[in-house]
Amino acid sequence: MSGLDIPGKVAVVVIGLVSAWLIQRAVTGLSNLFCHPLAAFPGPKAAAFTAWYKTYQELYLGRSWIDVLQELHTKYGKIVRVGPNELHFSDPAAYSEIYSNNNRWNKEADLYHSFGEDRSSFGFLTYAESKQRKDIMAPLFSRRAICELQGLVQGNVDRLCKILAINNAAGKSSDLFFGLRCFTMDTITYFCFAKSVDALAEPDFKAPIIEAMEASLPAFVVFKHFSLIRKAVFGMPPWLSVLTSPQTAGLIHLQQLLGAQVNEVVKNPEALKDSPHRIIYHELLSTKASKGEPLPSAGSLYEEAQALMFGGADTTGNALMLGTFHLLGSPGYVDRLKEELYSAWPVLDEPPKLEELEKLPFLTAVIKESLRISPGVASPLLRVVPATGATVTGAYIPPNTIVGMSGTFVHSSKAIFKNPETFDPERWLKKDSASLEKWLVAFSKGPRMCMGQNLANCEMYLVFAALFRRFDLELDGTSVDDLTWRECFLPHFQGRHLQAFCRPVAN
Ligand code: HEM
């Protein structure tokens, strides 16, 4: 090196470092292939060699990970090694075993930290932290609390219906994809924070927050693979975020709104007395509910708010949207639903309560089938096997293995659901239908299952009832091809939105 000039010396050092890195990667890859505790599990060699396999499929090829998983299971069987330390399962029995009430397995960090909600009921990796948080908020989400606050949900249903009628009077069809999202967003924000973002008020349902949430979904796939990019983006001041990504400006605005509310309640908890109903901060800032544990920091409160908003808006909106689309393709089912609704709801201005609607068998079957057909949380819900190791569907899984299964594999299992690709509410009304219930896993199972199930159910009962009792609906050109989606943890729909004419009925 002594004969080299400075650029020459730098080049030698760089080449040396890169070579050392490549050799180290190759040695690790070979050891993953041949000496790793998962070496005996089937799967593509590239996936066993390096975690970049997944990055290549999701980011370079832009594929939906669920499509990749389907191909891999067809080729390699019910358990596939999809990363050096990761297994994915397709046998429905595995779902019950992984997401069992008896398991206290941690969530996997790379996936669950990609949302910037590490200190929330959803984002806490450990069972203990999440349970403590969920126990505090549980009274708000109990069935009783939801029944008491159903007037709030009904208020938003009425607003939605009013706008659909106005669109119809103007000779227009309505964008039900965004319309239903605006409804779920206004409901979750008013329910949790007593502050509605008033998305329903935006012309043609084009609410900046809804557009921004939709636009931001693919970014979470990038964040999952590159945590440095996530840190850089989340660390940006809001003005810079808006400048670099104008389509997510609505999201930044909402983050500021939630952040301002958190700061306000932390500084002045007395302000909560003015709230029209109990909201999450009443519970989270209650020393009694916290049972002597320290109260959450302002940052943790903010992350909780964001998690509830993301968890509650898209999921429920998508189930409503897909259920509506499939019903409209089956006139016989629409007639049957209308008939049931007419007898339970004879006078249009007197909508029945949730408790009455829940007794309607066909409406209930429609809701179950909508949950089954909708991808909900599409991603495999990754968990880490504890130090004891585990047995899943008879196979021994070594400690620290990342395991997961997407609920879509359960809902599309031919062994459980006859013709799973068909929307068929009837399947929930047969003599032996009770045996199907345990395979409806839209809200997941076990200790990390959904906290918002009662609220989501209330929204679905009130909306489906109102749409099909108050209107005659007709698709405006939307086809099944418009509803293709890519897994971005939640499904990201890429086609034309569900568009329908909503003609009000006389009575
Ligand atoms: C049809 C609507 C919904 C579906 C299909 C759904 C689905 C799910 C699923 C599959 C999980 C498990 C996620 C995981 O393991 O990482 C989950 C968790 C969660 N959901 Fe929902 N959800 C819905 C509505 C809601 C609503 C309305 C809320 C609002 C409060 C909500 C709040 C949560 C929270 C806080 C968690 C985290 C629980 C934990 O990690 O322990 N969800 N949801």
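Which element gives the largest share of the shell around the ligand? In this predicted model, that element is α16, with five residues. The ligand itself sits in the largest cavity. Two or more residues of the shell come from each of α7 (127–141) and α16 (298–328).

In total, 26 residues surround the ligand. The closest are Lys-107, Tyr-112, Lys-134, Arg-383 and Cys-450. By class, 14 residues of the shell are nonpolar. Eight are polar and four are charged.

Oxygen atoms of the ligand lie at short listed distances from three residues of the protein, taken in turn here. For Lys-107, a polar side-chain atom is 2.8 Å from a ligand oxygen. For Ser-130, a polar side-chain atom is found 3.4 Å from an oxygen atom of the ligand. Ser-121 takes part through its backbone: a polar atom there is 3.4 Å from a ligand oxygen.

Helix α16 also holds Met-321. Met-321 has 1% relative accessibility and therefore counts as buried, the cut-off being under 20%. Beyond its neighbours within four places in sequence, Met-321 is in contact with Phe-177, Leu-180, Leu-483, Phe-493 and Leu-498. Ala-201 gives a further reference point for Met-321. The two residues are 120 residues apart in sequence. Their C-alpha atoms are 19 Å apart in space.

A second buried position is Glu-369, in helix α19 (residues 361–373). Its relative accessibility is 0%, so Glu-369 counts as buried. Sequence neighbours within four places aside, Glu-369 is in contact with Thr-422, Phe-423, Asp-424, Pro-425, Arg-427 and Trp-428.

Ser-433 lies in a loop, the one between α20 (407–411) and α21 (453–470). Ser-433 counts as buried because its relative accessibility is 4%. With neighbours within four places in sequence left out, Ser-433 is in contact with Arg-427 and Trp-428. Arg-427 and Trp-428 are also among the contacts of Glu-369. The link from Ser-433 to Arg-427 includes a polar pair: a polar side-chain atom of Ser-433 lies 2.8 Å from the backbone oxygen of Arg-427.

Terms used:
Residues numbered from 1 in each chain as written. Predicted model: local features only at pLDDT ≥ 70, side-chain atom pairs only at ≥ 80, totals over all residues. Heavy atoms only, no water. Near = heavy atom within 4 Å. Polar contact = N/O pair within 3.5 Å; in protein donor to acceptor, adjacent residues only side chain to side chain. 1 Å grid on protein atoms, 1.4 Å probe; cavity = no way out; pocket = protein on both sides within 12 Å on 5 of 7 lines; lining within 4 Å. Sits in = over half its atoms within 2 Å of the grid points. Helix = DSSP H or I, 4+ residues; strand = E, 2+ residues; numbered from the N terminus. Nonpolar A, V, L, I, M, F, W, Y, C, P; charged D, E, K, R; others polar. Buried < 20%, exposed > 50% of the residue type's maximum accessible area, 1.4 Å probe, protein only. Contact = heavy atoms within 4.5 Å.
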